[in-house]
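Please consider the sequence and the three-dimensional model together. The paragraphs below are meant to be read with both in view.

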Amino acid sequence: MPNDIKNICCIGAGYVGGPTMAVIANKCPNIQVNVVDINDKRINQWNSNDLNKLPIYEPGLAEIIKVSRGRNLHFSTQVKDKIEKAEMIFISVNTPTKKTGIGAGKASDLKWVEICARQVAKYARGHTIVVEKSTLPVRTAEVIKSILEQSQSPYKNKSTPSTFDVLSNPEFLAEGSAIYDLTNPDRVLIGGENENAIKLLNDVYLNWIPQEKILKTNIWSSELAKLTANAFLAQRISSINSIGALCESTGADIREVARAIGSDSRIGSKFLDSGPGFGGSCFKKDILNLVYLCEYFGIPEVGDFWNSVVNLNKWHQHRISKLITSKLYGTLSGKKLVILGFAFKKNTNDTRESSAIQICKDLIEEGAILHIHDPKVNPEQISLDLGMTSSNDLKNKIGSALDGSWFEAKNLDDVFQDADAAIVLTEWDQYLDIDWGKTASKMRSPSWVFDARSILEPCEIINAGLLFWRVGDGLNRSKINN
Ligand code: NAD
Ligand code: UGA
């Protein structure tokens, strides 16, 4: 085993692999970092001279890519070559929910992880440390180790069989703040058995992270801690959204309730913002994976507990679309609704599991004509998510021909003309600058503003003569206005 790591390969150039390796390369100029992916379009985007064309939008990412790319950070599709040269390999591939077969709809699909393990087994030379960066079911390291070891015998072309250590090093970054989170993590978690391998990974992080923030556990605790962290975070959101619904029925205000409970240091104030429900690629899939594990290990009662977090989230998304329909007199046919934000949170172009998808689908099903604006999400992605292309080419058609359709709103200047409602689904800062006085005069009366993110100033909207609803606000401002 080497004394220190000089060459890293990361398999998977996605939302985790790309930013994580960019930060490692940036903080460790003595390490050559190769990020490989089978998706050549994605790799070309990572190598684009125009930094606005990187495949992922994250504040601060372009700046560090500019410094490190071509120096000690390289993106390519040369999986074999980069594995051969690496002393440490991060597996950072996707682990979505299985669609078919045993555990379909709940268990993680480990197909891509298994392919990686087989490639590493085939191409790695000497001793290689394999690091699980993807989020994986507890005990996956066992599977990876078994593939790595058992795949050695057929590869007799190697002069000596390769040897491996497997570590778990889950990633806790949140999208939209990935570079900040990677640079200033609350903790780095390393699970493993071999002290030397653990030390080598520890020393990579020690280049910028204080030793006391690097936690070491056994490998199974590390794998399970990742799933548990996401389950606890998602549980807080379902908890606050459930109480938000009660606030709306009782005259309480979820912001005040959140402030009151969050001041208790045992509860804490973070992750208590009521919204349209949690989205993102991981919360739902990781909880469902946890549910599957509980059922597999014979404790379905525990699985039911966590499943209710996902069920509440789905119910809450439908609750919002039903509420909008009901406030607009029970029919959306022929009505123009402006959707403000489609990404699952601000500062990202990621729409995976975004609550906006379900809410927009519900509204379209009711016949609404949606005009969707998002500063970072491209319209092709929205088409894919909604399962229908935009109707921008049909703009001259009128009335019922456009019922149940959507248009791309390129900017906010003229989108509110004749709109019946504006609906905030992502908390982008630029929506704070909308002049509701001017906007109100363009909309069709009675016109509504629905703030599912609770970012707008109610007085400004109400004074502009608009009807207003915001999530978790039991004051029922529509009554005041009616
Ligand atoms: P992603 O889909 O954005 O990226 C995964 C990449 O892996 C894709 O580009 C894909 O082409 C590539 N890939 C798949 N199989 C490959 C193979 N055999 N060889 C080379 N490349 C291959 O996924 P992501 O969001 O980066 O998530 C990756 C993992 O990290 C998941 O397990 C996820 O749960 C976990 N995670 C994600 C986040 C997040 O914020 N997105 C945060 C923490 C952990
Ligand atoms: C989440 C975790 O925060 C990360 O620690 C984890 O690494 C990551 O999942 C992962 O494993 O993928 P992410 O999904 O990127 O990160 O973003 P979050 O900030 O957690 O937001 C998730 C969803 O919850 C978003 O839709 C967000 O709008 C919503 N949310 C968040 C709320 O509705 N209220 C809140 O108070 C916080």
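The account that follows moves from the two ligands to selected residues of the chain, and then to the backbone and the surface.

The model is a predicted one, and every value discussed here is computed from its atoms. Ligand 1 is a convenient point of entry. There are 27 residues around ligand 1, and D37, R42, T95, E175 and K285 come nearest. The largest contribution to this shell is that of helix α5, which spans residues 111-123 and gives four residues. Several polar atoms of the protein approach the oxygen atoms of the ligand. From the side chain of D37, an N or O atom is 2.6 Å from an oxygen atom of ligand 1. The side chain of K285 likewise places an N or O atom 2.6 Å from an oxygen atom of ligand 1. The backbone takes part as well, through an N or O atom of V16 that lies 2.9 Å from a ligand 1 oxygen. Ligand 1 would expose 830 Å² if taken alone, and the protein buries 93% of that area.

Ligand 2 may be examined in the same way. Around ligand 2 there are 19 residues, of which F172, L173, E175, C282 and R453 come nearest. E175 thus appears among the nearest residues of ligand 1 and also among those of ligand 2. Helix α9, residues 219-250, gives the most to the shell around ligand 2, with four residues. The polar approaches listed here involve the protein backbone. A backbone N or O atom of F172 is 2.7 Å from an oxygen atom of ligand 2. For E175, the distance between a polar backbone atom and an oxygen atom of ligand 2 is 2.7 Å. A polar backbone atom of L272 lies 3.4 Å from an oxygen atom of this ligand. Ligand 2 exposes 700 Å² when taken alone, and 89% of that is buried by the protein.

Helix α9 also holds T228. This residue counts as partly exposed because its relative accessibility is 28%, a value that lies between the limits of 20% for buried and 50% for exposed residues. T228 is separated from T100 by 128 residues in sequence, and their C-alpha atoms are 25 Å apart in space.

Two buried residues illustrate the interior of the model. N202 belongs to helix α8, residues 195-205. Its relative accessible area is 4%, and N202 is therefore buried. The side chain of N202 nevertheless has a polar partner, for it makes a polar contact of 2.8 Å with the side chain of Q211. When neighbours within four places in sequence are left aside, N202 is in contact with I190, Q211, I214 and K216.

I423 is the second case, and it lies in strand β12, residues 421-424. With a relative accessibility of 0%, I423 counts as buried. Not counting residues up to four places away in sequence, I423 touches I324, L337, V338, I339, L340, L363 and F450. By contrast, L136 is 287 residues from I423 in sequence and 36 Å from it in space, C-alpha to C-alpha.

Attention now turns to the backbone. Most residues other than glycine have a negative phi, and most peptide bonds are trans. Against this background, N347, which is not a glycine, has a positive phi of about 65°. E353 is also a residue other than glycine with a positive phi, here near 60°. N347 is placed in the loop between β9 (336-340) and α13 (355-365), and E353 lies in the loop between β9 and α13 as well. N347 is partly exposed, its relative accessible area being 24%. E353 also counts as partly exposed, at 38% relative accessibility. A further backbone feature is the cis peptide bond from S445 to P446, with omega near -10°. P446 is located in the loop between α15 (436-442) and β13 (448-451).

The surface completes the description. Y296, F297, I299 and V302 form a nonpolar patch there, and together they have about 410 Å² of accessible area. Of these residues, Y296 is found in helix α11, which covers residues 283-296. Y296 counts as exposed because its relative accessibility is 58%.

Key: Residues are numbered from 1 along each chain as its sequence is written. Chains are lettered from A and ligands numbered from 1 in the order in which they are written. This is a predicted model: local features need pLDDT of at least 70, side-chain atom pairs count only at pLDDT 80 or more; totals for chains, interfaces and linings use all residues. Side-chain values use heavy atoms; hydrogens and water are left out. Patches are made of residues with over 30% relative accessible area and no salt bridge: like charges are joined within 9 Å, nonpolar side chains (Val, Leu, Ile, Met, Phe, Trp, Tyr) within 5 Å. Accessible areas come from the Shrake-Rupley method with a 1.4 Å probe; for residues, only the protein chains shown count as cover. A salt bridge is a side-chain nitrogen of Lys or Arg within 4 Å of a carboxyl oxygen of Asp or Glu. Buried means under 20% relative accessible area, exposed over 50%, partly exposed in between (1.4 Å probe, protein chains only). A polar contact is a pair of N or O atoms within 3.5 Å; within protein, one must be able to donate a hydrogen and the other to accept it, and residues adjacent in sequence count only if both atoms are side-chain atoms. Contact means heavy atoms within 4.5 Å. A residue is near a molecule or strand if one of its heavy atoms lies within 4 Å of it.
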